[in-house]
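Here is a quick tour for anyone opening this structure for the very first time. Have the viewer ready and follow along.

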Number of protein chains: 4
Amino acid sequence: MTSKAARGGLGGRPRDTEIDAAVTVSTLELLEEGGYFAISVGEVARRAGTSRPAIYRRWSGRAALVLAAFESRFDTPAPPDTGCTLCDLAEGLTIFLAGYRTIRPEVFGALYSECVTDPELHRWYLRAVVEPARMAVGEALHRAVARGDLRADVDVTRMLDLIASFVHYRTLFGEHPGDEDAEHVIEIVMRGAAADYDALLAHSLSLAGTHVDDAGTHHVHIG
Amino acid sequence: MTSKAARGGLGGRPRDTEIDAAVTVSTLELLEEGGYFAISVGEVARRAGTSRPAIYRRWSGRAALVLAAFESRFDTPAPPDTGCTLCDLAEGLTIFLAGYRTIRPEVFGALYSECVTDPELHRWYLRAVVEPARMAVGEALHRAVARGDLRADVDVTRMLDLIASFVHYRTLFGEHPGDEDAEHVIEIVMRGAAADYDALLAHSLSLAGTHVDDAGTHHVHIG
Amino acid sequence: MTSKAARGGLGGRPRDTEIDAAVTVSTLELLEEGGYFAISVGEVARRAGTSRPAIYRRWSGRAALVLAAFESRFDTPAPPDTGCTLCDLAEGLTIFLAGYRTIRPEVFGALYSECVTDPELHRWYLRAVVEPARMAVGEALHRAVARGDLRADVDVTRMLDLIASFVHYRTLFGEHPGDEDAEHVIEIVMRGAAADYDALLAHSLSLAGTHVDDAGTHHVHIG
Amino acid sequence: MTSKAARGGLGGRPRDTEIDAAVTVSTLELLEEGGYFAISVGEVARRAGTSRPAIYRRWSGRAALVLAAFESRFDTPAPPDTGCTLCDLAEGLTIFLAGYRTIRPEVFGALYSECVTDPELHRWYLRAVVEPARMAVGEALHRAVARGDLRADVDVTRMLDLIASFVHYRTLFGEHPGDEDAEHVIEIVMRGAAADYDALLAHSLSLAGTHVDDAGTHHVHIG
DNA sequence: TGCTAAGCGAGACGGTACGTCCCGTCTTAAT
DNA sequence: ATTAAGACGGGACGTACCGTCTCGCTTAGCA
C-alpha cells in the first residue's frame with residue numbers, strides 16, 4: 001500500500017505517479033533534516049512541487065504520509081539459514097536494526113502516537129513498521145525450534161517480544177542499538193532458553209573460525 | 001521540579017499556587033480523556049480557569065506541562081527486600097508497571113518525541129519517567145548481585161535494559177503488560193543469568209507457601 | 001445563442017439535448033434559491049444530473065451559464081402603439097421592469113462584473129440583458145419623435161439612457177421599481193423634453209377615461 | 001469605520017496599525033491592476049507582508065476589505081455654494097463622478113453583489129459608496145429648493161434618484177460618464193423641474209462670462 | 001504609612017498549518 | 001469522431017492553535 005487508492009474506478013484521469021514519488025522523496029528528506037515535526041503537508045507539497053490537495057487525495061494526513069515513506073524504504077531481506085542458531089539470531093537482529101537505523105529514533109514515537117487514534121493507521125503502523133522487524137528474528141527463532149535447539153517449554157512469542165522490545169526501547173529512548181548490544185541480548189535470552197547453550201556457542205565459534213569473512217567476526221565478543 | 005521557577009525575584013506579586021494545582025489536574029484529565037493530542041496549552045488553560053500566559057510563565061510548553069503532571073502522579077514506593085530474589089524482581093516490576101498503567105500507552109511516545117529536541121526536556125523525561133521505573137527493578141537486581149544469586153559475568157545494566165524495554169515495548173505497541181507477562185520475563189532472563197535458577201525458584205515457592213497474603217499469590221504461576 | 005456549438009463535426013455521438021434543458025432549469029432554480037453566488041458549475045451539474053465537463057462543453061463557465069438561462073427567460077413582447085406618447089412610455093417601462101423583476105436584483109451586478117473581462121461575454125450581456133429592455137422604451141420614444149411630441153433639440157439616446165439607468169439603479173441598489181416610480185420618471189423627463197407636456201397629459205387622461213381597463217388607471221396619479 | 005474593532009476591550013496587545021495601512025494600500029493596488037476578482041485575501045496578505053488571519057481579524061472577508069479601501073479613498077469635499085443652481089448641480093455631479101472614476105467600473109457590481117447577502121455589509125456599502133455620492137448632488141438640489149428655483153410640486157428625492165442612477169448606470173454598464181454627460185442630465189431634468197429654466201440658464205451663462213476661471217468653463221456647453 | 005517596582009492575571013496579537021471547496025482540464029470507455 | 005463521466009492538479013478559503021506582547025491591577029519590601 002502506497003497511497004489511498006492506486007486505481008479505484010475505471011474512468012477518470014490517471015494519477016500522476018511522479019507526484020507520488022516526489023512526495024515520498026520530499027517526506028524522507030524532511031524527516032532526515034528535521035525529524036517528524038519538520039513534516040507538514042504544506043511543506044512536503046512545496047518541496048515536491050505540488051499542492052496540498054494532491055497529497056490529501058493520496059494520503060489521509062501526515063502520519064499516512066510518513067508511513068508510506070517508510071514502506072518505500074524498508075525492504076527487509078529474508079535472513080539466511082546458516083545452520084547455526086546463534087548466527088541466525090544475530091543476523092536477524094542485525095537486519096532488524098539496519099532498518100531502524102535509517103530513521104531518526106524519535107520519529108517512531110511521534111508517528112505511533114499519531115497513528116494510535118485511527119484504527120486503520122494503527123494497523124498500517126504495525127504491518128509496516130513492527131511486523132517486518134519481528135519477522136527477521138522470528139524466522140531464526142522458529143528454525144531454532146525446528147532444530148530442537150530450544151528447551152521444550154519455551155514460549156517463542158514471548159522470547160520474540162523480549163528481543164524486539166529491546167530494540168524498540170533503545171531506539172525510542174536511548175540511541176539505536178549497535179551490533180554488540182544485539183549479541184548481548186541474544187546471549188542473555190538464549191542462555192536461559194537454549195536446551196544446551198554451551199553447545200550452540202561452540203558451534204557458532206567453530207563457524208566463526210572457518211568463515212570469518214562470511215558470517216562476520218562478531219561471535220568472538222560473545223564468549 | 002514542578003514549574004519554571006518557584007520564586008524568581010524578591011519583590012512583586014507572588015504566584016498564585018492554586019493555578020499550578022488546577023493546571024496539573026486539568027492536564028491529567030485531558031490526558032485521560034483524549035490522550036496526548038487532546039492536550040493543548042489553550043485547552044488546559046480554559047479548563048483550569050486561567051490564561052495561556054499564566055501557563056507559559058510556569059512551563060515551557062505542552063511537553064513540560066505533561067511531564068510536570070506525570071511527576072505529580074508518580075511516587076514510586078521503594079520495593080521491599082523480601083530476601084527472595086525472584087520475589088523482589090516480581091515486586092519491582094509490578095511497581096514499575098503500576099506507574100505506567102495510569103497513563104494511556106501512546107502518550108509516552110508522543111511526549112518523548114516532543115522532548116527529544118530540547119536537551120533539558122530530554123533530561124527531565126529520563127529523570128521523571130524512565131529512571132524511577134528502572135530503579136524499582138534495578139534495586140532488586142543489585143540485591144541479587146549482593147546475595148550472589150547471579151552468575152559472575154552477568155552485565156546487570158544490560159539485564160535491566162532488557163527487562164525495562166519489555167515493559168516499554170508492550171506499553172507502546174501493544175497493551176499494558178499484566179503481572180503474568182512480568183513473571184515470564186523474569187523467568188526467561190533469570191534462567192540465563194542466575195547462578196542457580198532452580199534454587200531461586202524453590203526458595204520463591206517456599207515463601208509463597210508461607211506468606212501467601214503478604215507477598216501476593218503470583219508466585220504460583222512461575223513454576 | 002444557447003450553447004457553444006450546436007453541431008460541430010458531422011460524425012460522432014450526438015449531443016444529449018436533454019442535458020441543455022436540465023442545466024438551464026437547474027441554473028434558474030439555483031438563482032432563485034440563493035442568488036448568483038449559489039451558482040457553481042459543479043452544483044448545477046449535480047442538480048441537472050450530469051457532470052461538469054458536459055457543461056463546460058456547452059458553456060464557457062458560470063457567467064455564460066447564467067446568460068443562457070436569462071435568454072431562455074426573457075422574451076420581451078413588443079409594446080403596443082396606443083397613439084398616446086405618455087401611455088406608450090409607461091407601457092414600455094412596465095415591460096422593461098417586468099423582465100427584471102423575475103431576477104434577484106443583485107444578480108445583475110455580479111453577472112456583469114464577471115462578463116466584463118471577456119469581450120464576448122460582454123457583448124452577450126449587452127445583447128441579452130441590456131438591449132431588450134432599452135428597446136421597449138426606445139420604441140415608444142421614437143414614436144414620440146415621429147409624432148412631433150418632443151422638442152426638436154432633444155437627444156433621444158440620452159433620454160433613453162436616463163430612463164434606463166433609473167431602472168437599473170433601483171434594481172441594483174434599492175429594490176425593484178414599481179409602476180408608480182416608472183410614472184414619476186416619465187413625468188420628470190417628459191416635462192423637460194416634450195414640446196407641449198400639458199397637451200400630452202391631457203391626451204393621456206382622456207384615453208384613461210375611455211379605456212380605463214385597457215390602458216390602466218395609472219395616469220390619474222401623474223397630474 | 002476602517003476595521004472590525006479599533007480598540008474593543010481594555011487589555012490585550014494593541015493592533016499593529018501599519019498592517020491596516022499596508023493592507024489597504026495593497027488592496028487598492030490589486031484593484032487597479034486586475035479588478036475585483038484579482039483580490040484575494042491571501043494575495044493581499046502576501047503583498048502587505050502579513051498573514052491571512054491578521055486580515056480576517058480586521059475584516060470579515062474580501063468585500064469588507066474592498067469597502068474599507070474605498071472609504072480610505074473617498075473623501076467627498078462639500079460642494080461650494082456658487083449662488084447659481086445649474087452651476088451647483090454641475091459641481092456636485094462632478095464631485096460625484098470624480099470619486100467613481102478612481103475605481104474600475106465593474107468593481108462596483110461585483111462588490112455590491114457580494115455585499116447584498118450580509119445585511120451589515122449591505123449597510124456599509126450604501127453608507128460608504130452610495131450615500132456620499134448622492135449627498136454631493138442632494139446638497140445642490142436642496143439649495144435650489146430653498147432659492148425657489150424648482151417648481152413647487154417637484155419630488156426632490158426622486159430627482160436625485162434619477163440623477164444618481166444615471167451615473168451608476170454608465171459606471172456599471174458602459175463607461176464612466178464625462179462632464180459633458182453630466183450637463184446633459186442636468187439640462188434634461190432641470191428643464192422639467194425648474195420654475196423658470198431659461199432664467200437659470202441665463203444666470204449660469206452670465207457667471208460663466210465673468211468668472212470663467214473660477215467657476216469653470218463648462219457652462220458654455222449647456223446652451 | 002506611603003512609594004516604587006516587580007510580577008501577576010488576562011486578552012489580543014502576528015503567524016503557521018490545517019483540511020476543504022471549487023475550478024477548469026484530462027483521460028478513459030461508450031456510442 | 002465525439003460524447004458522458006470520473007478523477008485530476010491546483011488556487012483560495014476560513015479556522016485552530018501556537019508562542020508572544022501589552023495592558024492594568026496586585027502585592028511586597030524600602031523609605
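## A first foothold on the DNA

A good place to start is Arg58(C), which has a polar side-chain atom 3.4 Å from a phosphate oxygen of DNA strand F. Keep in mind that this is a predicted model. Arg57(C) also reaches strand F, with a polar side-chain atom 2.7 Å from a phosphate oxygen. Over on chain A, Asp16(A) uses its backbone instead: a polar backbone atom there is 3.0 Å from a phosphate oxygen of DNA strand F.

Which elements supply the surface near this strand? Those giving two or more residues are α3 (52-56) of chain A, α2 (41-48) and α3 (52-56) of chain B, α3 (52-56) of chain C, and α2 (41-48) and α3 (52-56) of chain D.

## The rest of the strand F surface

There are 43 residues around DNA strand F, and the ones that come nearest are Arg15(A), Arg52(B), Tyr56(B), Pro53(C) and Tyr56(D). Sorted by class, the surface near this strand has 13 nonpolar, 14 polar and 16 charged residues.

What part of the DNA does the protein meet here? Looking at the atoms of strand F within 4 Å of the protein, 57% belong to sugar or phosphate, and the bases provide the rest.

## Strand E

Now switch to DNA strand E, which has 42 residues around it. Coming nearest are Tyr56(A), Pro53(B), Arg52(C), Tyr56(C) and Arg15(D). One of these, Arg52(C), goes for a base: a polar side-chain atom of Arg52(C) lies 2.4 Å from a base oxygen of DNA strand E. Phosphate oxygens of strand E are met too, by a backbone N or O atom of Gly42(A) at 2.9 Å and by a polar side-chain atom of Arg58(B) at 3.5 Å.

For strand E, 53% of the atoms within 4 Å of the protein belong to sugar or phosphate, and the rest to bases. The surface near strand E is made up of 12 nonpolar, 14 polar and 16 charged residues. At least two residues each come from α2 (41-48) and α3 of chain A, α3 of chain B, α2 (41-48) and α3 of chain C, and α3 of chain D.

## Where chains C and D meet

Leave the DNA for a moment and look at how chain D sits against chain C. A rotation of 179° with 0.0 Å of shift along its axis lays chain D over chain C, with an RMSD of 0.4 Å. That means the two copies are related as by a two-fold rotation axis. Of the interface residues of chain D, 97% are also interface residues in chain C, so the copies meet through the same surface.

How many residues take part? The contact involves 35 residues of chain D and 34 residues of chain C. Together the two chains bury about 3200 Å², with 69% of it on carbon and sulfur atoms. Four salt bridges cross this interface, and Arg158(C) makes a salt bridge with Asp181(D), their closest N and O atoms being 2.6 Å apart. On the side of chain D that touches chain C, two or more residues come from each of α6 (105-115), α7 (119-147), α8 (156-173) and α9 (179-193) of chain D. The most come from α8(D), with 12 residues. By class, this side of chain D has 17 nonpolar, seven polar and 11 charged residues.

## Where chains A and B meet

Next comes the pairing of chain B with chain A. Here 35 residues of chain B are in contact with 35 residues of chain A. The buried area is about 3200 Å², and carbon and sulfur atoms give 69% of that.

Chain B and chain A share four salt bridges, and Asp153(B) and Arg191(A) meet in a salt bridge at 3.8 Å, N to O. There are also five residue pairs in polar contact between these chains, both residues being at pLDDT 80 or more. The elements giving two or more residues to chain B's side are α6 (105-115), α7 (119-147), α8 (156-173) and α9 (179-193) of chain B. The largest share of that side, 12 residues, belongs to α8(B). Its classes run to 18 nonpolar, six polar and 11 charged residues.

## Salt bridges overall

Across all chains, the structure holds 70 salt bridges. Glu43(A) and Arg46(A) form a salt bridge, with their closest N and O atoms 2.5 Å apart. Both residues lie in helix α2 of chain A, three residues apart, about one turn of the helix.

Note on methods. Residues numbered from 1 in each chain as written. Chains lettered and ligands numbered in written order. Heavy atoms only, no water. Least-squares fit on C-alpha atoms with pLDDT ≥ 70 in both. Contact = heavy atoms within 4.5 Å. Buried area = accessible area lost by both parts, 1.4 Å probe. Salt bridge = Lys/Arg side-chain N within 4 Å of Asp/Glu carboxyl O. Helix = DSSP H or I, 4+ residues; strand = E, 2+ residues; numbered from the N terminus. Nonpolar A, V, L, I, M, F, W, Y, C, P; charged D, E, K, R; others polar. Near = heavy atom within 4 Å. Polar contact = N/O pair within 3.5 Å; in protein donor to acceptor, adjacent residues only side chain to side chain.
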